[in-house]
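The following exercises are to be worked with the sequence and the coordinates at hand. Each task is followed by a solution in steps.

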Amino acid sequence: MSETDVTGAEMSDTEAAAAERKRRKERRGTVVSDRADKTVVVRVDRRISHPLYRKAMIRSKKYHVHDEENEYRVGDVVRIQETRPLSKLKRWRVIELLERPERA
């Protein structure tokens, strides 16, 4: 084995941390509440097929998501990523803003 080959056991701490982040789950959803400090509630919709009738249905789940600068507002479409527990309910953080609706 040459010195340039790196196995999983020989990875540096930064490489291991980067590899772990790549395995974290990501979701796309819409902000439905921004009333709490540094927290937004994001609704993530998913389409499923009914097991018997095969009709397409939409199921949704709400996630409490960390928003450090309080920059996201109701209606924003954001990408969120799983992270370490930040509070009793927060296990996700906002990665980026995907779409912001026009405000009158």
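The exercises below concern a predicted model, and they proceed from the fold to single residues.

**Exercise 1. Describe the strand arrangement, and state in which sense strand 2 and strand 3 pair.**

Step 1. Five strands form a closed barrel in the order 1-2-3-5-4, and their pairing is mixed. From one strand to the next, the twist averages 45°.

Step 2. Between strand 2 and strand 3, eleven bridges are found, and the pairing is antiparallel.

Step 3. One facing pair on these strands is V42 and Y63, the latter in strand 3. Their C-alpha atoms are 5.2 Å apart, although 21 residues separate Y63 from V42 in sequence.

**Exercise 2. Determine which residues make up the largest nonpolar core, and which strand supplies the largest share.**

Step 1. The core comprises eleven residues: V31, V40, V42, V44, Y63, V65, Y72, V78, I80, W92 and V94.

Step 2. At least two core residues come from each of strand 2, strand 3, strand 4 (77–82) and strand 5 (92–99). Strand 2 gives the largest share, with three residues.

Step 3. Such a grouping may be set beside a general tendency: in soluble globular proteins, nonpolar side chains tend to be buried together.

**Exercise 3. Classify Y63 as buried or exposed, and list its contacts beyond four places in sequence.**

Step 1. The relative accessibility of Y63 is 13%; because buried means under 20%, Y63 counts as buried.

Step 2. Beyond four places in sequence, Y63 touches R27, V40, V41, V42, V44, I80 and W92. Several of these partners, including V40, V42 and V44, are also members of the largest nonpolar core.

**Exercise 4. Characterise the surroundings of T39, and identify the side chain with which it forms a polar contact.**

Step 1. T39 belongs to strand 2. Its relative accessible area is 12%, so T39 is buried.

Step 2. With neighbours up to four places away left aside, T39 is in contact with D34, H64, V65, D67, N70 and K90.

Step 3. For K90, the contact with T39 includes a polar one: the two side chains are joined at 3.0 Å.

Step 4. V65 touches both T39 and K90; its other contacts include K38, V40, I80 and W92.

**Exercise 5. Locate K38 and R54, and compare their backbone phi values with the general expectation.**

Step 1. The expectation is that most residues other than glycine have a negative phi.

Step 2. K38 departs from this pattern, with a positive phi near 60°. K38 is placed in the loop that links strand 1 (26–33) to strand 2 (39–49), and its relative accessibility of 30% makes it partly exposed.

Step 3. R54 likewise has a positive phi, about 60°, without being a glycine. R54 lies in the loop between strand 2 and strand 3 (56–66). With a relative accessible area of 58%, R54 is exposed.

**Exercise 6. State where R73 lies, and which backbone oxygen its side chain reaches.**

Step 1. R73 is situated in the loop between strand 3 and strand 4. Its relative accessible area is 36%, so R73 is partly exposed.

Step 2. The side chain of R73 reaches the backbone oxygen of N70 at 3.1 Å.

Step 3. Beyond four places in sequence, R73 is in contact with V31, D34, R100 and R103. R73 and S33, 40 residues apart in sequence, have a C-alpha to C-alpha distance of 7.5 Å.

Technical notes. Residues numbered from 1 in each chain as written. Predicted model: local features only at pLDDT ≥ 70, side-chain atom pairs only at ≥ 80, totals over all residues. Heavy atoms only, no water. Helix = DSSP H or I, 4+ residues; strand = E, 2+ residues; numbered from the N terminus. Buried < 20%, exposed > 50% of the residue type's maximum accessible area, 1.4 Å probe, protein only. Pairing = 2+ DSSP bridges. Axes fitted to C-alpha atoms, helices over the stretch in contact; angles between N-to-C directions. Core = buried A, V, L, I, M, F, W, Y, C linked by side-chain atoms within 4.5 Å. Contact = heavy atoms within 4.5 Å. Polar contact = N/O pair within 3.5 Å; in protein donor to acceptor, adjacent residues only side chain to side chain.
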